[in-house]
Each structure stands twice: as structure tokens, then as C-alpha cells.
Amino acid sequence: MNKSIQQKGAHVTTRRLLDMKQNGEKISMLTAYDYTMARILDRAGVDVLLVGDSASNVFSGHSTTLPITIEEMIYHAKAVVSGVHAESGRAMVVTDMPFMSYQLSGEEALRNAGKIMKEHECDAVKLEGGRVIAETVKRITDVGIPVMGHLGLMPQSIYKYGSYRVRAQEEKEAEELLEDAKILEQAGAFAIVVEKIPSSLAAEVTRSLTIPIIGIGAGIECDGQVLVINDILGLNREFHPRFVRQYADLNTVIEHAAKQYVEDVRQGTFPSVDESY
Ligand code: KIV
């Protein structure tokens, strides 16, 4: 957290999220990948901005989140932190640790989490996985770096599962997920994202844990909700999953604006005298 952000006072912290859960106040979280969007989202009052590794999909056009590198994540995160800092400084910024930046060893995970925190002064990191990464989560939180967990559909494991279908629909997998959530809490995670799981299971996880549970495709009873910004703005024409509520159709707005510009340039009506020096 940046000093001038602290001075602005209302910065959302891990403590504040815990209080929100205890007071029954819902937590809003959206992804952000750049300075301009981060400014708008902070101004809009979004509690948490996630520099998601979904940048691999929506920014770079890869079909999965696997290719994005730690340097690319830091590039996006720096821009987002600057954007929040340029506005009210209220939003918490959480950065995804990319695929293979924390799986090899606890030491490497700690080094990379430290690199992310030091290079752009975000508030926390997010890791995918349950009991398998519990020791790593403990190691990172023990040195003072807040960790957000991520269970259910974990896009970094897409090749293992082979599909983006709803997770933990069967009892055994549901029990394992609940147990994983408890293990992450014990390891020191301050919040957990649960993605694409039945609402009833998400509700049970939310009730069973003290830390906030943030859902994506996980029903209404979670402590908060997260969505990908490009999805709610309708930037991606092809992607309309059931759990996304689209609040705008920027794809059409941008295409229309760009077409008008092209037309004006071709017709020689841009720039006008007023738009020239
Ligand atoms: O990378 C991402 O955008 C995410 C959200 C889907 C939670 O992890």
C-alpha cells in the first residue's frame, strides 16, 4: 500500500474485508488490467481490483491463463496501482500469481510473491489451489504478504480437467472443496474466491469460514462477488456465460465510434478548423 494511499484514509484493507463480512456488507470485486480502467473502477467505489491472470485471455488473446508471465503481471499491476493511486486510493489491489510462479517450491513462491509486492506495492497476491498449496500459503503469509485463495474452477488447471464445466457438483468433490477452504483459512488466507460451483456449496463454505468468500458463478450467498471487467462491459462478443451480468455493450459502442472516425477521415471532415492549430 502506497503512503499517499494510506493518507487518503479509506483504503480497503484485509481487516476492512473481514469487518464487512461480519457486518453483512457485500464485497464488490472486479478485474482491472490498466491505469485508465483502474481509475474509473476506483472512482465507482469497487472494493477490490483483481489484476487477474485473465489478462492472458482478454488482453493478450491467449486461449488459457497459462502463458502469462510474472513480468507481464507486474506490468499490469503497476498500471492498476497507479490508477487507484491517481483517484481516491480506496480500492484494494490483489495480483494473481501466474502459472508456475508458485508451484515449484515454497522458496520460489515466496521470492515471486515478494517480487510482486515490492515492484508495484499492491495489497495482496492470489493463488489457485487447496491443500496442495497450503504450506506455500502459510510461508507467504508468515512473512506478512496477504494471500487470497481460489477454489472451484481453477483456470490454471484447465488441462487437468479438460473443461470449464461447473465444479464440485458431486458430494466427494464438494466435501474436498469445503475441506480445502478450511485448510486455506488455517494456512492464513484472508479471503477465498470460489469459481463456478453450486450455490448451495458456496453458501456452506461462506457460513463455515470466518474469512470472506468471494463468488464468481457461485450464487448469491457469498460474502462478495467478482467478475471480469471485459465481460460486464460487453467487450467480448463471443463470451456469454450464465454467471455474467452484462451492464454495457462497449463492443458495439467502440465499433460504432471507430467506424465514424474512419468515415470522417476518409471524407476529409476530420479535423475541423476548431480541432486544428
Ligand atoms: O484471473 C481472473 O480474472 C480471476 C477471476 C475470474 C476471479 O481469477
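Biologist: Why do strand 7 (residues 213–216) and strand 8 count as a pair?

Modeller: Two strands pair if DSSP finds at least two bridges between them, and two bridges join strand 7 to strand 8, so the cut-off is met. They run parallel, with Ile 214 standing opposite Gly 224 in strand 8. A strand here is a DSSP run of E with at least two residues, numbered from the N terminus.

Biologist: What should I keep in mind about the model itself?

Modeller: It is a predicted model, where local features need pLDDT of at least 70, side-chain atom pairs count only at pLDDT 80 or more, and totals for chains, interfaces and linings use all residues. Residues are numbered from 1 along each chain as its sequence is written, and side-chain values use heavy atoms, leaving out hydrogens and water.

Biologist: What makes strand 1 (residues 27–31) a partner of strand 8 (residues 224–227)?

Modeller: Four bridges, in the parallel sense. Met 29 stands opposite Val 226, and Leu 30 faces Leu 227. The eight strands run 1-2-3-4-5-6-7-8 in a closed barrel with parallel pairing. Neighbouring strands of this sheet are turned by 25° against each other on average, direction ignored.

Biologist: At what angle does helix 9 (residues 171–187) run to strand 5 (147–152)?

Modeller: About 175°. Angles run from 0 to 180 degrees between N-to-C directions, with axes fitted to C-alpha atoms (for helices over the stretch in contact, meaning heavy atoms within 4.5 Å). Helix 9 also lies across strand 6 (191–195); a helix is a DSSP run of H or I with at least four residues.

Biologist: How do you know which residues are around the ligand?

Modeller: A residue is near a molecule if one of its heavy atoms lies within 4 Å of it. The residues around the ligand include Thr 31, Asp 96, His 150 and Glu 195. The shell divides into three nonpolar, four polar and four charged residues; Asp, Glu, Lys and Arg count as charged, Ala, Val, Leu, Ile, Met, Phe, Trp, Tyr, Cys and Pro as nonpolar, and the others, Gly among them, as polar.

Biologist: Why does Ser 54 qualify as a polar contact of the ligand?

Modeller: A polar contact is a pair of N or O atoms within 3.5 Å, and a polar side-chain atom of Ser 54 lies 2.5 Å from a ligand oxygen, so Ser 54 qualifies. Ligand oxygens also sit 2.9 Å from a side-chain N or O atom of Lys 126 and 3.0 Å from one of Asp 53. Taken alone the ligand exposes 260 Å², and the protein buries 96% of that (Shrake-Rupley method, 1.4 Å probe).

Conventions
Polar contact = N/O pair within 3.5 Å; in protein donor to acceptor, adjacent residues only side chain to side chain.
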